[in-house]
Amino acid sequence: MAILVLDILTTAAILFAVSAGLLIILGVMKLINFAHGAFLTVGGYMAYLNGAAGLSPWLSIPLAAGVGFLGGLVIERVIVRPLYDRPLDAILATWGLGIVIGQLITLGFGRGVQFAPNPISGTTELFGVDYSAYRLAVAVIAVLLVVALSALLKLTRFGLNARAVIMNERLARGLGIDSTRVRALTFGLGAALACAAGALITPLISVDPNMGLPWLVNSFMLVMVAGVSFPSLLVASLILGGAQVVVSTYANPILGGMTIVVAAALVLRISPKGFSRA
Amino acid sequence: MGLACAVSAQAEETIRIGIPVGLSGANSVVAPSVVQASELAVDQINAKGGVLGRRLELVIADDGSGAQGAQRAYDSLVFQQKVDAIVAMETSAARNAGLPIVNRGKVPLIYTSFYEGRSCSPWMHINAWVPEQQVAPIVDQFMDEMGAKKFFLIGSDYAFGRGMLEFTREYVESKGGTVVGEEYLPMDGSDWTAIISQMRSASPDALITSTAGGAPNVTLTKQLRATGVDIPYGNYAIDEGTAATMGTDAEGIYIAASYITGIDSAANNAFLEALNAKFGAKAETPSELSVPQYEGILAYAAAVEKAGSTDAEKVVEALGEVTVDGPRGSITMNKQRHSPLTMYLGRVAADGSVEVIKSFPDVDPGEQCPQLAG
Amino acid sequence: MSTPLLTVDALTSGYDSAAVLHDVSLQVDRARIVAILGKNGMGKSTLLKTIMGFVRPISGRITLDGRDVTGAAPNFMARAGMAHAPQEHTLFQDLTVGDNLRLGVATDRLFRQCLPEVEAVFPRMIERLGQRAGTLSGGEQKMLLMSRALIARPKIMLVDEISEGLQPTMVDRIAQALLRARDELGIAVLLVEQHLDFALSVADRVAMMKLGEIVEEGTRQELAASDGLAAHLAV
Amino acid sequence: MHDISAAITTRFRVAATGCIIGLLVVAVAPWLLDTYLTNILIRTLFLATVVMTVDILWGSVGILTFGQSAFFGIGAYACGLIFTHYGFGPGWALAGLALGIGVGAVVAAATGWLAFFHGSLPLYASIITLALPIVLTQVIFSGGNFTGSSSGLSGFPTYYWDLRIWFWTAGTFLVLTTTAAWLLVRSDFGRVMVAIRENEERCAYLGIPVSRIKIMLMIASAVIASAAGFGYAAFSNVVAPELASFQLGTEFLIWTALGGRGTLLGPIFAALGIDTMSSWLSGTMPFLWKLLIGVVFVAVIVLLPRGFAPLVGGLFRRILPVRTAGAPARVLVPDTRSRLGQGADDQKPPLRIEHLSRRYGSLSVLTDVTMTGRASHLLGIIGPNGAGKTTLMRCISDGSERSGGKVEINGAEIGRGAPQDIVALGVGRSFQNTNLFDTLTVADCLLLARYRIDGARLFRSSVGIALPEPALDILRATGLDQRLADETGNLSHGMKRGLELAMVLATEPSVLLLDEPTAGLTRPERMVIGKVLGRLTRDYGLCIVLIEHDLDFVREISDRVVVLHQGSILMEGTVDEVVSSELVRSVYAGHHVEAAQ
């Protein structure tokens with residue numbers, strides 16, 4: 001039982017970390033970033049490069065975030081900005097971008113599996129069971145991330161401006177907020193979060209050109225259900241991630257893999273606003 | 001016009017062998033070593049004057065590691081390039097997609113990748129292992145030498161993963177052991193948490209996994225090690241190269257293979273030397289997949305020699321009779337189009353190298369294609 | 001004679017292809033209050049939205065402080081010293097009073113500096129900094145709206161029907177705030193109103209708008225004496 | 001009438017000519033191509049058919065679908081499974097085809113139910129279509145020996161016809177389905193599809209069952225894609241999970257985008273071209289090829305949203321000026337069976353609102369509104385900006401809007417009905433903004449408005465548009481009857497208003513909700529509208545609810561007036577009562593009032 005609870009908590013934490021970058025872009029820019037999976041992959045390769053350079057494995061996360069942020073700014077300017085009033089086209093363009101990033105990585109690093117060093121290995125005893133220390137660390141990091149992101153949105157000037165743009169872009173512009181700049185920074189932040197998440201999950205999985213893809217659809221579903229707030233993303237991760245773990249454990253993992261997608265689709269069909277108004 | 005004449009003139013002289021291989025997609029990781037092995041074999045044969053006085057020539061086509069790409073590749077090889085034979089190391093999906101085209105085009109096919117077994121075609125021979133040959137060494141070791149009774153099986157949800165584990169279950173039960181759990185994750189799944197937790201609560205004596213190569217295998221092993229699992233662990237999908245790069249996580253994994261670079265035989269040493277001589281620093285580490293490819297081309301050459309022509313039907317008949325002495329030993333594809341093989345049981349050492357614990361000579365592939373017996 | 005702070009020259013503007021404003025010209029001098037009177041649907045709000053940059057003019061010219069700002073974006077106008085107190089969607093209902101005020105200025109440091117300014121005019125706002133704007137009463141929301149415009153110390157405020165639905169005492173408070181802004185801070189105001197008494201009590205100059213055109217214009221004394229004014233506003 | 005029939009036959013002649021040319025090309029091609037190319041092209045022809053259905057969904061109706069491969073896969077697996085496990089022969093082949101089409105249709109219906117409902121976001125629908133192939137491939141993978149899991153099924157018995165016969169089969173299938181699709185998108189129904197793409201919301205308020213139409217189109221294209229999948233599998237003798245994968249689904253989208261969405265032929269040629277090129281280039285430069293496709297795709301989406309087809313088309317037209325078969329000339333005819341105004345009953349109020357409220361979070365926009373609209377009455381709603389007038393209209397015309405209370409139309413409660421359901425109850429609503437369907441013509445818009453009553457012809461265009469007399473009056477008075485073929489984007493503001501009103505009347509409502517119908521109009525134009533509204537109440541017994549700022553106008557035409565203030569009814573009475581009321585006067589003119597508190 002303790003294991004089940006820990007599985008649910010850590011799975012939710014991982015799902016939250018992986019989806020956070022998508023959520024912030026959806027919230028401010030009203031667009032789904034289909035290159036999210038590719039950003040995760042880039043983060044994984046940053047962890048790999050960081051390891052290959054012999055730096056501390058913990059450095060890989062800020063490194064990935066930095067690269068993601070700069071890359072995000074460039075991508076926003078070149079590809080996303082012209083498509084603000086064509087949201088479905090933005091989906092396609094970011095999807096195409098994902099293909100391009102994937103192919104560039106394949107050309108650069110090959111199709112094979114790479115390895116990044118583990119910052120923490122082995123197990124820790126908690127509630128009477130030995131549990132993967134790194135998964136627990138990820139859970140802690142995810143909680144810190146919720147706090148940090150909420151603080152960013154609630155306390156900082158950028159967060160205030162971003163929330164103003166989310167709530168009423170027209171009014172925000174009338175108050176002198178450059179919504180174009182807010183959007184660019186938001187996309188950079190979203191990309192940074194995605195890359196950092198990629199680096200974060202790398203020790204649990206492996207680095208290869210497609211590593212981000214399997215996370216993509218679950219992330220979409222979670223943010224669609226969550227609406228635009230980080231706390232409700234956490235709730236969605238806990239409920240749907242928990243459902244995934246329970247189905248995987250008691251029914252079978254293949255059904256478990258489909259749980260989030262199917263459950264989220266049904267939730268949205270019944271209540272199109274998802275958990276955001278619940 | 002001149003060019004066309006030159007091509008057709010050349011086509012009469014050379015014997016063309018098609019190599020459909022996954023230059024892109026999942027198999028692109030091993031494809032370079034497979035291509036090198038093929039090139040080496042052709043070079044060596046041509047250096048000895050070719051076959052029946054004709055030179056061999058390779059035609060390589062990308063199958064994209066999947067069915068659609070394979071159809072294109074086989075169409076191109078069979079109908080456009082009009083190859084005399086195909087020697088293919090590829091996924092089961094790609095092989096299945098290519099078979100109807102081979103049947104239609106009537107081209108001899110040598111399949112050189114291990115697979116889940118029981119794929120049969122009058123035009124196909126197979127020189128790599130099937131579950132019957134792979135499973136026994138590991139299970140025997142765990143049960144007979146290490147006293148394991150309860151097994152837990154984990155696989156990727158695809159034909160090879162399921163095929164291997166189904167056979168393993170039957171084999172374990174036939175030896176009086178029990179399987180306390182058999183779980184699968186989708187091919188692209190990377191979160192094994194629930195399965196590992198289930199395994200821990202089932203507390204088995206030994207674990208055997210059969211995942212897709214590459215990412216699923218690596219993620220499973222890493223996550224297993226992260227939870228401190230240290231029961232005997234047999235892995236059907238890991239190769240020497242991956243074991244070497246995975247570091248300490250791979251230590252202690254048992255593998256069964258028909259080829260390990262450490263095989264100490266004259267043929268293997270000569271093969272390794274030739275590979276290094278030809279490709280130098282660019283030489284890819286040979287593997288369970290590239291060596292049968294090398295031997296497959298040798299087998300085809302031998303069969304043409306024996307048949308006295310490249311006539312497809314005669315070659316197919318001869319393929320079941322010729323014996324190749326290659327790095328893996330003497331191999332004849334004479335058991336219902338499959339081959340008895342010497343299997344090696346290995347264990348990954350702390351430095352990532354594979355030490356050979358035991359060898360099992362001439363393991364029989366069992367009943368694979370009874371309708372093609374003879 | 002110094003240049004006027006804001007000039008609008010032969011402005012034509014509207015939505016889609018339909019022009020709502022036709023050839024409108026006016027000017028606002030520094031530290032002066034100009035009121036535009038007219039009934040609903042006559043184009044007053046559109047005029048303010050066009051000056052602020054929310055609506056792109058079809059033709060004509062707008063200058064602020066001698067600089068041509070025709071077609072500039074609203075966020076540019078706001079930073080150039082123009083504060084807009086719109087009639088609809090005035091506040092961020094789900095943000096606190098404090099956050100709404102913070103959004104009135106460019107940086108948080110300026111916010112802290114300018115907060116006492118607000119306190120002097122609308123002390124009630126300071127008491128309620130932590131309250132959600134949506135829970136304020138109608139009158140308090142108007143106060144917040146005014147405070148947010150004032151806190152930025154703009155050169156000019158565009159104020160859209162601020163008196164609508166307010167009790168007389170509150171209208172007086174607003175009028176005093178506008179006069180104070182003009183006299184003590186030197187802020188110019190362009191006011192759009194239907195409330196005749198209120199407009200005449202604060203404005204230096206008054207213009208009358210009808211069907212997208214300015215039909216009469218003059219000092220408040222001139223206009224107050226005109227018969228047309230009352231007629232235009234009659235129900 | 002003469003040149004009208006000419007226009008119609010032109011359209012069919014173009015379709016028939018195109019179809020025959022296509023069939024001729026298909027007939028001749030296998031004699032000119034070598035075996036290899038024929039082989040490749042047979043498969044590509046099947047894929048191109050699926051791409052064509054993607055273009056219908058995405059290009060014409062605006063459904064961005066990642067999931068068309070799922071239906072292709074379903075058809076293919078129906079073939080593979082039947083032939084492998086059950087039997088082979090003409091009967092079994094038909095059974096397999098029927099199974100594939102049947103399962104494809106059912107899955108499409110279920111997906112459509114999930115993805116399309118009133119208020120669903122296009123984004124959400126896209127993600128559902130993305131989830132579909134992912135779930136489906138998972139099912140195939142876990143099917144073990146039955147589905148062949150990752151290895152797929154191969155070597156099942158099939159028809160080893162001559163390659164030419166397969167080519168003709170695939171080519172004929174493509175040409176015929178494309179011809180049908182071409183006629184469909186140029187028919188009356190095609191206009192409805194475009195209208196849904198351009199302004200789904202407005203379509204719903206014209207009584208067009210948007211979700212149902214989308215689901216039907218989803219099913220229709222699933223049927224074609226399944227059939228194509230069946231053919232593909234039967235020809236290639238292989239089925240594999242990748243045929244149903246979302247990667248293939250996105251490839252369809254890429255081809256459609258590159259070819260030019262909404263052009264039908266563009267995507268087909270893109271599919272044929274790119275897939276064939278892939279066969280050549282992916283062997284020599286597997287990674288670079290995909291990178292190149294990716295880069296071109298992104299560039300086309302950003303810079304050339306209509307794809308390459310318009311470029312090529314423009315070039316073609318410059319070299320070879322052909323007269324395109326434009327929309328046929330249309331004529332307006334009075335609707336002799338019009339039920340407008342019939343069934344008006346003085347006893348039973350057509351509109352009854354009780355205790356209606358609407359809150360947005362903590363913000364209360366309407367509180368406890370109770371009012372009645374009678375037949376043959378015009379009820380004016382006045383009140384300052386932000387009083388909740390437009391919200392009130394929204395709550396009457398969309399069941400999901402209100403937070404509490406009850407709305408009855410002609411005795412029937414609206415419940416949580418979507419706009420089109422409420423239109424069916426007899427509500428017509430006009431909007432404040434005049435964004436109609438900018439690329440549609442006046443005639444198209446009127447046809448749209450008649451969808452609920454007359455339906456839309458699937459493969460043909462109507463000539464006559466039957467309209468109730470008052471709608472014709474407005475069109476004549478505004479001169480719109482002379483501009484039926486003009487795109488609405490080019491109309492003057494007054495004409496747009498007139499068209500808007502005529503469209504609402506064309507739906508033959510018994511309760512008419514008008515939101516500032518005269519805003520921005522000149523005085524003569526207002527007079528016209530006022531006259532029509534008068535006739536509608538007097539002669540046709542309609543119940544009209546009108547939001548209006550201009551009190552002079554309201555006084556001229558209203559029977560009764562309701563004054564809304566801060567979400568509540570401040571007063572109700574005759575125009576004179578209201579105008580003379582000090583209370584209302586003060587609210588409306590901006591003088592102080594304490595009434596609300």
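# A tour through a predicted model

Begin by selecting residues 6-27 of chain A, where the chain is 100% helix and 0% strand and where the end C-alpha atoms are 30 Å apart. Keep in mind from this first stop onwards that what you are looking at is a predicted model.

Stay with chain A and select residues 250-270, a span that is 90% helix and 0% strand, with its end C-alpha atoms 26 Å apart. Both stretches carry a label in an unreviewed UniProt entry, whose annotation "transmembrane region" covers residues 6-27, 34-53, 59-80, 92-113, 133-153, 184-207, 219-243 and 250-270 of chain A. You can colour these spans one after another and follow them along the chain.

Which chain should you show next to chain A? Of the 5 pairs of chains in contact, chains A and D share the most contacts, and chain D is therefore a natural next selection.

Chain D on its own has 24 helices and 14 strands, and its C-alpha trace spans about 90 × 55 × 45 Å along the principal axes. Of its 597 residues, 60% are buried, while its accessible surface comes to about 22400 Å², with 61% of that area belonging to carbon and sulfur atoms. If you consider contacts in chain D between residues at least 6 apart in sequence, 77% of them join residues at least 24 apart.

Now look inside, and select F437(D), L446(D), L499(D), L533(D) and L536(D), which touch the most other members of the largest nonpolar core, a set of 247 residues. Where does this core lie with respect to domain 1 and domain 2 of chain D? Domain 1 (2-245) and domain 2 (375-398 + 421-596) both give residues to the core, so it lies between them.

Zoom in on F437(D) and show what surrounds it: leaving aside residues up to four places away in sequence, F437(D) touches A195(D), E198(D), N199(D), R202(D), C203(D), L206(D), C445(D), L448(D), T488(D) and M503(D). Apart from the largest core lies another one, of 99 residues, and to find it you can select A41(B), V179(B), L185(B) and Y233(B), which are among its members.

With chain B in view, add chain C, and you will find that the two do not touch, their nearest C-alpha atoms being 39 Å apart.

Finish by colouring chain C by confidence, where the average pLDDT is 84 and 93% of the residues score at least 70. Confidence in chain C is highest in strand β7 (residues 156-160), at a mean of 91, and lowest in helix α10 (residues 227-233), at 60. Where pLDDT is low, the predicted coordinates should not be read in detail.

How values were computed. Residues numbered from 1 in each chain as written. Chains lettered and ligands numbered in written order. Predicted model: local features only at pLDDT ≥ 70, side-chain atom pairs only at ≥ 80, totals over all residues. Heavy atoms only, no water. pLDDT = per-residue confidence, 0-100. Helix = DSSP H or I, 4+ residues; strand = E, 2+ residues; numbered from the N terminus. UniProt positions renumbered as here; feature names shortened; annotations may be inferred. Core = buried A, V, L, I, M, F, W, Y, C linked by side-chain atoms within 4.5 Å. Buried < 20%, exposed > 50% of the residue type's maximum accessible area, 1.4 Å probe, protein only. Domains from an automatic or database assignment. Contact = heavy atoms within 4.5 Å. Areas by Shrake-Rupley, 256 points an atom, 1.4 Å probe, with all protein chains shown as cover.
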